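Here are my notes on the model, point by point. Have a look at the structure first and then read along.

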Amino acid sequence: MGDVDLLAINSLLAIENLSARVAGKDILKGVNLTVNAGEVHAIMGPNGSGKSTLAQVLAGREDYEVTGGSVAFEGRDLFALRAEERARAGLFLGFQYPVEIPGVNNVYLLKAALNAKRKAAGEPEVDAYEFLTLIRQKMKFMQMSESFLTRGVNEGFSGGEKKRNEILQMLVLEPKLAILDETDSGLDIDALKIVSKGVNSLRDARRAVVLVTHYQRLLDYVVPDFVHVLSGGRIVKSGDKSLAQELERRGYDWVESQDA
Amino acid sequence: MSATAHADRGTASAALRSFEEQWQSRTLDTLAPVRERAMDRFLALGLPTSRDESWRYTNTRNLNGVRFAAAKAHARGDVEPFASVSLLDAAQRAATISVVNGHPWLRGIDSVINEIEVASLKEVARLDPKMLMDLIGAPSSADNQRWALLNTALFVDGLYLKVTKNVPTPLVILHVGVGTDTDTIAYPRVIIEVAPGAGATIIEHHVAQGEHAVLVNSNTQVTLGRGGHLEHYRVFATGRESTHFDHLAVRQERDSVFKQFTIALGGGLVRADMDVNLNQPGATLQSNSLLVGYEGRHVDCVNVVKHAAPDTTSRQTSRAIASDNSRVIFNSKVHVQPGAARAESHQSCRGLLLSDAAEIDSRPQLEIHADEVKCMHGATTGRLEPDMLFYLLSRGLDRNTAQSLLVFAFLADVLTGMSVSSARNSIENALINQMPDSQLLRNFR
């Protein structure tokens, strides 16, 4: 009985039988997943399996229609919260394709995001000097150039810079749950190491990370506690990090054939 | 038909008759030949109707039944001070000339303000009528523009500015329409001459004061000498009940640069015309329009650019925003005339619709009669990008803030081109004040 209570307390994200539809097409068809604080989960799967849809649905994208199931975030009904409320509550989505927003400065966005979170927590706004110190420190950690400070959000960034910027935002916002959607795609090995370093620095007993990825490569640097295979809109197999290696060796066909 | 002839009493509207009465009771001055020609032409054409191609989006029928009287001249001390509405903050210490209902407030004659020679048109008409008539009477496309013709016929006074050197600090012309009575009309007239090699920044800021809205029919002429440059702003920030017709005519000589900003932030109905003639090789126009419609406002901006010489360049950027049930129109027509070889023209028109009831019409047009030219144009109108909005929301930003931020970003192309930082700040502030969550947005700058 004590075990059950402990699970309930630790469960950061509880997805039950989640179904979702995009543009009239059923993509998620009953996903079940529980993520506890302190854990790193990897969700792998072939293209079109619903990985990105799952990430977007969790972050609150409105044109993705939830058709069934439930998601609890720290015990609260996630779908009762709007995207901005989820973010303030500590859920972070690292985008597969970070959006360029010319005319909106990177730093202003970061500051606004941090202040929105602090305001929701009843904390005062961040001091301008402290904020700049924090940003510079995190930028240094992510090996980002000073020019970032004056540029528009992701404006003219290379693929690698955009992904590093996502991780920078994550480090500043310190979310409880980070869902990183193909953060490794399009990165060279150096950038992959930097991004992984960023993700690893956030790992602690109070937080959790969900890595959505197509390849096993990232998992050499950010070692997951659990690996799940999403296929046809459902999680068809779960295991530890060795599952990722097996997938790399045998391909997704192996799981799909097993599932069938 | 001479100007003493009149509009047909049977069919002429009350408005037209009232303009004729103003004409009959005018004080005669040395500009008579030019004025008579303009009035003749105005009476022959009548007021624009929606049947006129360039007025098809803007209906002014409701003015027809109004009997307009000339708006009063006001002495200093007669009216509330205008400091609160001035565009530039005190820190910039920009010289400001107030023009009230078309009458400039100047001390003395032929003075120099902010290193620019300044005189009232009344004085210039008395001292050098030939020069003034040459300037005013120069043939232009304004010959077909009724409100511009009416201004030429009926303006009582105005400003003459001559820039003879490089002037670093901007000069502000604060046009105030002071409405103490109903149904009045003002005819502000400004003539700016930039001598060869000289340059300046001049900001015309139109505001309103008083109980009643003045119908403003303003007209500015700019002549740029060889290698001269001018950064010119016209900012419309009058009240919801106001109607404003503005005409800006520009003639550019060799290698001159005209950088123009048209900013419509207010006014019930604003119709802003600009006619630019790139008369000599190397002349360059940079036109920037920032047109904001909200709460039923109507903004109609019409640019006509003539490339009349080789190696001339024009670049037009317009950004229109329409919310509530407002309507914003941007029309630009580029004529590349025979002989204007290697002319370059670029038109970028973008519109952002913020409500279902709002409307934006963008029409860049090109007419090319020369070879070896490089002309590009593009017009897009849409709504806020859902991807951008979601990105900002996913970072915890409030929905209103996110929207305002994107609207603001949409305008960035125009705003960042402004060299006068205090003007830019003031314009940004005015924009921000119209957006939800203005205080939050302020923190973004």
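1. Start with Ile173(B). Leaving aside residues up to four places away in sequence, Ile173(B) touches Ile97(B), Val99(B), Leu159(B), Val190(B), Ile202(B), Ile203(B), Glu204(B) and His205(B). Keep in mind that this is a predicted model.

2. Where does Ile173(B) sit in the bigger picture? Along with Ile179(A), Ile173(B) has the most contacts inside the largest nonpolar core, which has 198 residues. At least three residues of this core come from each of domain 1 (66-383) and domain 2 (384-445) of chain B. As a general reminder, nonpolar side chains tend to be buried together in soluble globular proteins.

3. Now the two domains of chain B, assigned as 66-383 for domain 1 and 384-445 for domain 2. Their centres, taken over C-alpha atoms, are 26 Å apart. Domain 1 of chain B puts 24 residues into the contact, and domain 2 of chain B puts in 17. On the domain 1 side, strands E10 (199-210), E12 (229-236), E14 (257-264), E16 (284-293) and E18 of chain B each supply at least two residues. That side of domain 1 of chain B breaks down into 16 nonpolar, 4 polar and 4 charged residues.

4. Those strands also turn up in the sheet of chain B, an open one with 10 strands and mixed pairing. The order is E3-E2-E7-E10-E12-E14-E16-E18-E20-E22 (chain B). Strand E3 (103-104) and strand E22 (374-382) of chain B are at the edges with a single partner strand each, so one side of each has no neighbour in the sheet.

5. For one pairing in detail, take strand E18 (residues 313-322) and strand E20 (residues 344-353) of chain B: they run parallel and are joined by 10 bridges. Which residue of E20(B) is the bridge partner of Ser318(B)? Look for Cys349(B).

6. On to the contact between the chains: chain B gives 19 residues and chain A gives 21. In chain B, helix H6 (386-393) and helix H7 (399-410) are the elements that give two or more residues to the side touching chain A. By class, that side of chain B has 12 nonpolar, 3 polar and 4 charged residues.

7. Last, confidence in chain A. The pLDDT averages 91, and 95% of the residues score at least 70. Helix H1 (residues 2-10) of chain A is the low point, with a mean of 49, while strand E6 (residues 91-94) of chain A is the high point at 98. Over residues 1-7 of chain A the pLDDT is below 50, and this stretch has 0 contacts in the model beyond near neighbours in sequence.

Definitions and conventions: Residues are numbered from 1 along each chain as its sequence is written. Chains are lettered from A and ligands numbered from 1 in the order in which they are written. This is a predicted model: local features need pLDDT of at least 70, side-chain atom pairs count only at pLDDT 80 or more; totals for chains, interfaces and linings use all residues. pLDDT is the predictor's confidence in each residue, from 0 to 100. Helices (H or I, at least four residues) and strands (E, at least two) are DSSP runs, numbered from the N terminus. Two residues are in contact if their C-beta atoms, placed from the backbone, lie within 7 Å. A nonpolar core is a set of buried Ala, Val, Leu, Ile, Met, Phe, Trp, Tyr and Cys residues joined through C-beta atoms within 7 Å. A residue is buried if 20 or more other C-beta atoms lie within 10 Å of its own, exposed if 12 or fewer, and partly exposed in between; C-beta atoms are placed from the backbone. Domain bounds come from an automatic or database domain assignment. Ala, Val, Leu, Ile, Met, Phe, Trp, Tyr, Cys and Pro count as nonpolar, Asp, Glu, Lys and Arg as charged, and the others, Gly among them, as polar. Two strands pair if DSSP finds at least two bridges between them.
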